[in-house]
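Visitor: I'm new to this structure and would like a close look at one part of it. Could you pick a charged side chain, tell me how it sits, and then walk me outward from there?

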Amino acid sequence: MTSELDIFVGNTTLIDEDVYRLWLDGYSVSDAVALRVRSGILEQTGATAAVLQSDTMDHYRTFQMLERLLHAPPKLLHQLIFQIPPSRQALLIERYYAFDEAFVREVLGKKLSKGTKKDLDDISTKTGITLKSCRRQFDNFKRVFKVVEEMRGSLVDNIQQHFLLSDRLARDYAAIVFFANNRFETGKKKLQYLSFGDFAFCAELMIQNWTLGAVDPQADDMDMDLDKEFLQDLKELKVLVADKDLLDLHKSLVCTALRGKLGVFSEMEANFKVCGPIQSLSHWHRQPPEHCPLRATLLMPEIDRQNLSRGLVNVAAKLTHNKDVRDLFVDLVEKFVEPCRSDHWPLNDVRLFLNQYSASVHSLDGFRHQALWDRYMGTLRGCLLRLCHD
């Protein structure tokens with residue numbers, strides 16, 4: 001008796017996306033097999049447990065051989081050992097360099113060094129992400145940083161060119177690299193409400209406006225380093241709060257433009273000192289707090305009630321020191337976000353205030369640093385609106 005068999009021979013490397021995800025998540029072969037069994041794959045395919053074990057091991061061996069190529073993605077495109085369609089190559093690369101939000105929040109702004117790597121055990125325990133996955137993600141961050149740190153040109157473009165990532169993922173890596181290079185503090189308790197997306201949004205604004213590349217496309221490390229000359233020049237903005245005539249005129253312009261437009265006008269007025277003629281302190285001190293917003297605000301002990309304008313200008317003036325650069329987001333939350341949140345400012349009122357506060361400076365005839373102000377506040381306004389979300 002003879003049997004007829006149809007035989008197909010091919011050399012295309014088969015990639016099971018589900019098994020790839022299990023491998024990326026750091027599961028062992030035995031754990032991956034157990035998870036696949038629970039998914040009902042044996043019933044769906046009619047395979048035996050032994051076949052499933054063998055299939056999983058085979059995929060794991062393939063991924064381990066591919067990993068060295070994934071460390072330098074252009075090599076994956078040009079190698080001839082593994083016949084993988086372009087769409088599959090893109091999937092392998094994108095998922096290999098993807099990261100967990102919980103993990104990146106733990107390391108964002110930290111130095112990508114052996115010291116931080118020693119903390120991965122604790123991060124794994126805290127986040128529930130396997131240690132192997134934490135190491136892969138950390139090594140990816142460090143690898144991208146090392147490749148692009150000395151390059152000229154756009155940080156996002158360099159990352160895309162050398163790692164073949166999507167535009168969105170390349171922008172996320174640019175934010176990670178930028179934060180690691182400038183060591184911004186992101187781990188303080190008062191910053192925990194902020195997501196990686198919030199910080200990445202601010203990073204993109206700073207890269208576009210505050211770095212060397214914002215003014216000199218040929219600068220070394222153009223998107224990595226903040227423009228030190230720009231940070232030094234920010235001290236000139238102190239005249240807005242040091243010069244009484246400019247301060248009074250700025251306050252008057254802002255308050256006049258916003259009167260009747262803000263639901264929290266009295267709170268804004270109190271935080272922005274007094275608009276119009278200032279009455280004697282004895283007058284408002286005799287008033288009960290509910291009749292005097294300024295007194296009521298100053299009597300609240302839980303928030304440092306300094307002038308909102310003075311706070312924003314002082315943040316700028318302090319950016320000449322590395323420690324104050326690192327504490328930028330802490331300062332913004334303390335000096336602006338917390339006072340607004342304590343007074344229950346709606347986000348739209350925050351937007352109206354910041355827009356008018358920024359624009360009114362252009363009507364100050366005695367102020368000579370308009371371009372510097374626009375470069376500073378254009379970025380800060382966007383960051384503050386993002387930081388003020390619920």
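Guide: Let's start with Arg105, which is buried and yet has no salt bridge. Bear in mind that this is a predicted model. The nearest side chain of opposite charge belongs to Glu101, and it is 5.3 Å away. A salt bridge here needs a side-chain nitrogen of Lys or Arg within 4 Å of a carboxyl oxygen of Asp or Glu, so Arg105 goes without one. You'll find Arg105 in helix α7, which covers residues 101-107.

What does the side chain of Arg105 have around it instead? Look at the backbone oxygen of Leu194, which lies 2.9 Å from a polar atom of that side chain. The backbone oxygen of Thr186 is there too, 3.3 Å from a polar atom of the Arg105 side chain.

Now move along to Arg183, which sits in the loop between α12 (167-182) and α13 (196-209). Its relative accessibility is 38%, so Arg183 counts as partly exposed. Arg183 also belongs to a surface patch of positive charge, where it gathers with Lys111, Lys146 and Arg326.

Stay with the loop between α12 and α13, because Lys190 lies there as well. Lys190 forms a salt bridge with Glu338, and their closest N and O atoms are 3.6 Å apart. Glu338 is in helix α22, so this pair ties together parts that are 148 residues apart in sequence. How covered are the two partners? Lys190 has a relative accessible area of 29%, which makes it partly exposed. Glu338 is partly exposed too, with a relative accessible area of 23%.

On to helix α13, where you'll meet Asp198. Asp198 is buried, with a relative accessible area of 3%. Unlike the buried arginine we began with, which has no salt bridge, Asp198 does have a salt-bridge partner: its side chain meets that of Arg386 at 2.7 Å, N to O. This pair links distant parts of the chain, with Asp198 in helix α13 and Arg386 in helix α24 (residues 370-387), 188 residues apart. The two side chains are also joined by a polar contact of 2.7 Å. Arg386 itself is partly exposed, at a relative accessible area of 29%.

Another pair to find is Lys318 and Asp331, whose side chains meet in a salt bridge of 3.6 Å, N to O. These two are 13 residues apart: Lys318 is in the loop between α20 (308-317) and α21 (322-326), while Asp331 is in helix α22. Lys318 counts as partly exposed at 28% relative accessibility, whereas Asp331, at 8%, counts as buried.

How many salt bridges does the model have? The count comes to 20. Some of the charged residues are linked in a network: Asp16, Arg36 and Asp55 are joined that way by salt bridges.

Let's turn to the backbone for a moment. His344 has a positive phi of about 60° although it is not a glycine. Look for His344 in the loop between α22 (328-342) and α23 (347-360). With a relative accessible area of 64%, His344 is exposed.

Leu164 is another residue other than glycine with a positive phi, near 55°. Its place is in the loop between α11 (155-163) and α12. Is Leu164 buried or partly exposed? It is partly exposed, with a relative accessible area of 30%.

One last stop is Lys261, in the loop between α16 (244-258) and α17 (265-271). Lys261 counts as exposed, at 57% relative accessibility. Follow it across to Leu352: the two are 91 residues apart in sequence and 8.4 Å apart in space, C-alpha to C-alpha.

If you'd like to retrace the walk, go back to Arg105 in helix α7, and look again for the backbone oxygens of Thr186 and Leu194 beside its side chain. From there, pick out Lys190 with its partner Glu338, then Asp198 with Arg386.

Technical notes: Residues are numbered from 1 along each chain as its sequence is written. This is a predicted model: local features need pLDDT of at least 70, side-chain atom pairs count only at pLDDT 80 or more; totals for chains, interfaces and linings use all residues. Side-chain values use heavy atoms; hydrogens and water are left out. Patches are made of residues with over 30% relative accessible area and no salt bridge: like charges are joined within 9 Å, nonpolar side chains (Val, Leu, Ile, Met, Phe, Trp, Tyr) within 5 Å. Accessible areas come from the Shrake-Rupley method with a 1.4 Å probe; for residues, only the protein chains shown count as cover. Lys and Arg count as positive and Asp and Glu as negative; His and the chain ends are not counted. The place of a charge is taken as NZ of Lys, CZ of Arg, CG of Asp or CD of Glu. Helices (H or I, at least four residues) and strands (E, at least two) are DSSP runs, numbered from the N terminus. Buried means under 20% relative accessible area, exposed over 50%, partly exposed in between (1.4 Å probe, protein chains only). A polar contact is a pair of N or O atoms within 3.5 Å; within protein, one must be able to donate a hydrogen and the other to accept it, and residues adjacent in sequence count only if both atoms are side-chain atoms.
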